[in-house]
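This briefing covers the salt bridges of one protein chain. Please keep the sequence and the 3D view open while reading.

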Amino acid sequence: MGKIILTGDRPTGKLHLGHFVGSLRRRVELQNSGEFERIFIMIADAQALTDNADNPDKVRQNIIEVALDYLSCGLDPEKSTLFIQSQVPELCELAFYYMNLVTVQRLQRNPTVKTEIQLRGFSENTNEGDTTQRQGIPVGFFTYPISQAADITAFKATTVPVGADQEPMIEQTREIVHKFNSVYGETLVEPEILLPDNAACLRLPGTDGKAKMSKSLGNCIYLSDSAEDVRKKVMTMYTDPNHLRVEDPGQVEGNTMFTYLDAFSTPEHFEKYLPDYASLDELKAHYRRGGLGDVKVKRFLIAVLNEILDPIRERRHYFEQRIEEVYSVLERGSAIARATAAETLNDVRNSMRINYFADKELINEQAERFRNSSN
Ligand code: TRP
């Protein structure tokens, strides 16, 4: 059996360099490797609504932003099926059945759900006398790992390329698959997670050196940023706060500009933009010794980032002028995704023996039972 990919993103903002190193770049490579029979890339709008109930406009608008980011990065609708989650209602039905295979306690133990509850400020103990106005946990949010299991299994995905934060979701999906198959017989496929391979790519810090790029922290470089935006953001990037004069020895670890170079620079970039150094290791060694100023390193980083982002910007500009076409791509993709999910749903219904009207054997069995009892 061929290998199948399913992955996706919540449309809550434009995609940034963190997404690019963490997932987008890899997806394009996987797409072009020819190693996969089918590839499904989903814009998870329904999942985005689980913690954006008050902000449906944001989700709706970001669907097209994310689609533009996908196409600009080189995801090709001829090779990958790009679709919108809410347009595949079969996913809801699958999730509805899976809900019976998961306990509340198990969901409460899901580490990603736990962290997100804290991040979102949802409270586990609200009561009527609560004057702090904290919000309770939306049921849809609490159960989204189950909906994610539906997303993955609907396409019989063998491979789910995602970041490390998604590991608990894949684990939970595997448990659901296991449980379903043991109750109803072999039906669903147990997926495997595919983590980013380069350690520097696991999590790209924000330009302020904080652990993660996040829109609310204002520390992102977006794929749609202009060359001038990128220049400004890199120029104010967090480096080594103790590296005050050029002569001072500098620290490379935890220095954001070097983390970015780890993630993006290649020997060809050095040849082209910084030929005095053969490699990143040489550049780092000079920085550690002292005598290398931040500005020189930053100029190099700007050149590297803009070289990577230029073709992405160009394609984005092209598709921005053809928004109707982008919606058509998503519409065609959603129809294909729906047909695939419907096949799996049919398998699931067959295994559960709830396809009552198509199951002639079942009807006969029941008829027989009543004929016998009335004799
Ligand atoms: N939870 C993912 C995120 O936060 C988005 C997502 C929804 C997803 N369903 C998925 C990822 C299925 C992989 C597989 O970005």
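The points below take up three salt bridges and one network in a predicted model. The structure holds 26 salt bridges.

**Arginine 10 and aspartate 51**
- Arginine 10 pairs with aspartate 51, with 3.5 Å between the closest N and O atoms.
- The pair links distant parts of the chain, 41 residues apart: arginine 10 sits in the loop between β1 (4-9) and α1 (17-33), and aspartate 51 in the loop between α2 (45-49) and α3 (56-73).
- Arginine 10 and aspartate 51 are both buried.

**Arginine 316 and aspartate 69**
- A salt bridge joins arginine 316 to aspartate 69, and its closest N and O atoms are 3.2 Å apart.
- Arginine 316 belongs to helix α15 (residues 294-320) and aspartate 69 to helix α3, so this salt bridge ties together parts 247 residues apart in sequence.
- Arginine 316 has 5% relative accessibility and therefore counts as buried.
- Aspartate 69, at 1% relative accessibility, also counts as buried.

**Arginine 231 and glutamate 228**
- Arginine 231 forms a salt bridge with glutamate 228, the closest N and O atoms lying 3.1 Å apart.
- Both residues are in helix α11 (residues 227-235), at a spacing of three residues, about one turn of the helix.
- The relative accessible area of arginine 231 is 37%, so arginine 231 is partly exposed.
- Glutamate 228 is partly exposed too, with a relative accessible area of 37%.

**Network**
- Arg10, Asp51, Glu116 and Arg120 are joined into one network by salt bridges that share partners.

Methods:
Residues are numbered from 1 along each chain as its sequence is written. This is a predicted model: local features need pLDDT of at least 70, side-chain atom pairs count only at pLDDT 80 or more; totals for chains, interfaces and linings use all residues. Side-chain values use heavy atoms; hydrogens and water are left out. A salt bridge is a side-chain nitrogen of Lys or Arg within 4 Å of a carboxyl oxygen of Asp or Glu. Helices (H or I, at least four residues) and strands (E, at least two) are DSSP runs, numbered from the N terminus. Buried means under 20% relative accessible area, exposed over 50%, partly exposed in between (1.4 Å probe, protein chains only).
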